[in-house]
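Welcome, and thanks for taking a look at this one. Below is a short briefing to read with the viewer open.

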Amino acid sequence: MLACSSVHCFGEDKMKFTIVFAGLLGVFLAPALANYNINVNDDNNNAGSGQQSVSVNNEHNVANVDNNNGWNSWNSIWDYGNGFAATRLFQKKICIVHKMNKEVLPSIQSLDALVKEKKLQGKGPGGPPPKDLMYSVNPNKVDDLSKLGVNIANMCRGIPTYMAEEMQGASLLFYSEKCFTTNILWIVNISFCGEKVEY
């Protein structure tokens, strides 16, 4: 059996420790820094069936929902950092921006937990019915996207963008305009109403 010098053996032990440490660091750190994605079949979307995917980016405090359904596809971004959300309707070639109702929309931590636990796969969580939000779309275009934050400005750049105001109470009963409704992950239904979204 060969004897090794103390310096040589120490070097081998140090290298083994470094390799093991790097491996463990990767195992424990990767989930904390990663974006989580999940795909769900959304047979209940009122614009027809499609597939939704959600990405949660904890570093930027943003969630992104993509609904892929051909011409009726849409993309929504929830910017928890600035309190705004935007939905891009591909068929209408417009973006609609609104303040997030944090009493109805799940927190980014709750959404992240649902994604990590993969509770949104399949035909829905089987829990309570989704909550409903209805917005009236202002017909005037937004002039300055930068006030809505970098994430929303990047998504809506180059297409007409409109602000929407949440409607509550009695105004919902008497509203007669057509609406475009997004069913987001069996959690919330968001309807955008007004002349800009009529089909």
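A residue counts as buried when its relative accessible area is under 20%. By that cut-off, buried residues make up 39% of the 199 residues in this chain. Please keep in mind that the model is predicted. The points below move from the overall layout to the strands, the cores and one pocket.

**Overall layout**

- The chain holds 4 helices and 10 strands.
- From start to end of the sequence, these elements follow the order α-β-β-β-β-β-β-α-β-α-β-α-β-β.
- If you take the contacts between residues at least 6 apart in sequence, 54% of them join residues at least 24 apart.

**Strand 6 and its partners**

- Strand 6 spans residues 94-99, and 5 of its 6 residues are buried, so this strand is mostly covered by the 20% cut-off.
- Strand 5, residues 84-89, pairs with strand 6 in the antiparallel sense through 6 bridges.
- Within that pairing, T87 has I96 of strand 6 as its bridge partner.
- The hairpin made by strand 5 and strand 6 has 4 residues between the strands, and K93 takes a positive phi near 55° there.
- Strand 6 also pairs with strand 8, here in the parallel sense and over 3 bridges.
- In this parallel pairing, C95 stands opposite T161 of strand 8.
- Strand 8 runs antiparallel to strand 7, and 5 bridges join the two.
- One of the residue pairs to look for is Y135 with its bridge partner E166 in strand 8.

**Nonpolar cores**

- Which residues touch the most other members of the largest nonpolar core? They are W78, I96, L111, I184, V188, I190 and V197, out of 29 residues in that core.
- Setting aside neighbours within four places in sequence, W78 is in contact with N61, V62, A63, F84, A85, M100, L105, P106, L111, I184 and V188.
- Another core, of 14 residues, lies apart from the largest one, and I77, C95, I152 and A153 are among its members.

**A closer look at V65**

- V65 sits in strand 3, which covers residues 62-68.
- Is V65 buried or exposed? V65 counts as buried because its relative accessibility is 1%, and the cut-off for buried is under 20%.
- Beyond neighbours within four places in sequence, V65 has contacts with Q52, S53, V54, W74, N75, S76, I184 and L185.
- S53 is 12 residues away from V65 along the chain, and the C-alpha atoms of the two are separated by 5.7 Å.

**The second largest pocket**

- The space in the second largest pocket is about 170 Å³.
- Its lining is made up of H98, K99, M100, N101, Y135, S136, N138, M163, A164, E165 and E166.
- Strand 6, strand 7 (131-141) and strand 8 (161-167) are the elements that give two or more residues to this lining.
- Strand 8 supplies the largest share of the lining, with 4 residues.
- By type, the lining residues divide into 4 nonpolar, 4 polar and 3 charged.
- Y135 and E166, both in the lining, are also the bridge partners named above.

Technical notes: Residues are numbered from 1 along each chain as its sequence is written. This is a predicted model: local features need pLDDT of at least 70, side-chain atom pairs count only at pLDDT 80 or more; totals for chains, interfaces and linings use all residues. Side-chain values use heavy atoms; hydrogens and water are left out. On a 1 Å grid over the protein atoms alone, a cavity is a set of points where a 1.4 Å probe fits but cannot get out, and a pocket is an open set with protein on both sides within 12 Å along at least five of seven lines; lining residues have an atom within 4 Å of a point. Grid points are joined across faces, edges and corners, and a volume is the space filled by probe spheres set on the points. Ala, Val, Leu, Ile, Met, Phe, Trp, Tyr, Cys and Pro count as nonpolar, Asp, Glu, Lys and Arg as charged, and the others, Gly among them, as polar. A nonpolar core is a set of buried Ala, Val, Leu, Ile, Met, Phe, Trp, Tyr and Cys residues joined through side-chain atoms within 4.5 Å. Buried means under 20% relative accessible area, exposed over 50%, partly exposed in between (1.4 Å probe, protein chains only). Contact means heavy atoms within 4.5 Å. Two strands pair if DSSP finds at least two bridges between them.
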